[in-house]
Amino acid sequence: MRYRTTSLITLMGISMLSQATHILGGEMFYTHVGNDDYEVTLKIYRDCGPGNTNGTGFDASAEFAVYDANGAWLFSEFSSLGNTVLVPVVLNNPCLQVLPIVCVEAAEYVAVLNLPPIAGGYNITYQRCCRTPTILNLATPDQFGITCAVFVPDASIWGVNSSPAFTALPPIALCSSDPFSFDHSAVDADGDVLVYSLVQPWNGGSQFDPMPSPPPPPPFVDVPWAAGFSTANVMGTAPPLSIDASTGMMSTLPNLLGQYVYSVRVQEFRNGALMTEVRRDFRFEVVP
């Protein structure tokens with residue numbers, strides 16, 4: 001459902017204020033499905049464990065705001081809540097037999113957007129507050145939300161494009177002092193070159209405006225790291241959490257118990273030029 005007015009959108013944001021907590025992460029990507037149509041997928045992850053005492057659930061719909069290269073809002077598309085699944089805690093290590101209750105649920109929102117070629121391309125954005133309050137590497141995490149966004153380049157210059165999409169979800173729980181590695185690579189239907197990096201997660205929304213309508217265009221604001229943490233030191237570990245720029249292989253030696261948010265960026269290059277990027281914002285829990 002597409003809207004070009006804001007009265008209904010504002011009312012929707014107010015009605016959802018009570019559901020504005022316990023977000024763990026998210027990602028957005030798109031696939032060209034023919035002509036000028038692109039299927040845009042948003043995945044949101046939430047904490048469904050015992051700490052979620054108010055029973056926070058997923059929103060009934062998500063707003064995808066579409067902007068031109070100058071930051072002018074063109075339209076918003078509302079996508080209804082699709083499949084929701086519990087993310088299994090899978091790690092081949094006996095320590096998980098004594099793991100405290102960890103629960104992560106994933107939801108999917110999908111919309112097909114008609115995006116004819118336009119100078120500078122399109123930015124598609126989504127924002128939601130707030131994050132789960134038990135994250136250790138963010139300052140006041142429950143006061144900050146998440147931004148999921150993706151860029152669709154001008155097809156008249158670049159040709160049609162599908163963005164990269166991550167192939168697998170990383171484990172939820174890591175065992176302390178147990179070496180960790182995970183293939184965090186993505187696939188690209190167009191065969192473009194992909195480059196991986198760890199970046200600072202984006203903020204989105206606030207406690208007082210948890211679901212901005214429409215969600216704003218870039219540039220976005222980063223969430224603040226807690227004291228002692230940084231993009232180069234996401235989990236306070238030695239060696240630190242890292243990702244191979246070419247392969248997407250992620251590794252670390254987790255040795256500090258707690259919950260840590262991180263963001264993986266995969267940039268898509270065609271003929272040596274950057275076309276777009278996809279980010280996954282997610283959370284590790286290091287357990288005894």
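Which residue stands opposite N123 in β8? Here are some friendly notes to help you find out; keep in mind that this is a predicted model.

1. **The strand partners.** The residue facing N123 is F151, in β8. To put that in context, β7 covers residues 122-128, and its pairing with β8 is antiparallel, with 7 bridges.

2. **How covered is β8?** Strand β8 runs over residues 146-152, and 6 of its 7 residues are buried. Try looking up C148 as well: its relative accessible area is 3%, so this cysteine is buried, given that the cut-off for buried is under 20%.

3. **A disulfide between distant parts of the chain.** The structure has 2 disulfides. One of them connects C48 with C103, with an S to S distance of 1.9 Å. These cysteines are 55 residues apart and link distant parts of the chain: C48 lies in the loop between β3 (37-47) and β4 (61-68), while C103 lies in the loop between β5 (73-87) and β6 (104-114). The angle about the S-S bond is -85°, and the link of C48 and C103 is left-handed. C103 has 17% relative accessibility and therefore counts as buried.

4. **A disulfide between C129 and C130.** Here, too, a disulfide is found: C129 is joined to C130, S to S 1.9 Å. Which hand does this disulfide have? The torsion about the S-S bond of C129 and C130 is about 90°, so the disulfide is right-handed. Now check how covered the two cysteines are. C129 has 1% relative accessibility, so C129 counts as buried. C130 has 2%, and therefore C130 counts as buried.

Definitions and conventions:
Residues numbered from 1 in each chain as written. Predicted model: local features only at pLDDT ≥ 70, side-chain atom pairs only at ≥ 80, totals over all residues. Heavy atoms only, no water. Buried < 20%, exposed > 50% of the residue type's maximum accessible area, 1.4 Å probe, protein only. Helix = DSSP H or I, 4+ residues; strand = E, 2+ residues; numbered from the N terminus. Pairing = 2+ DSSP bridges. Disulfide = S-S within 2.5 Å.
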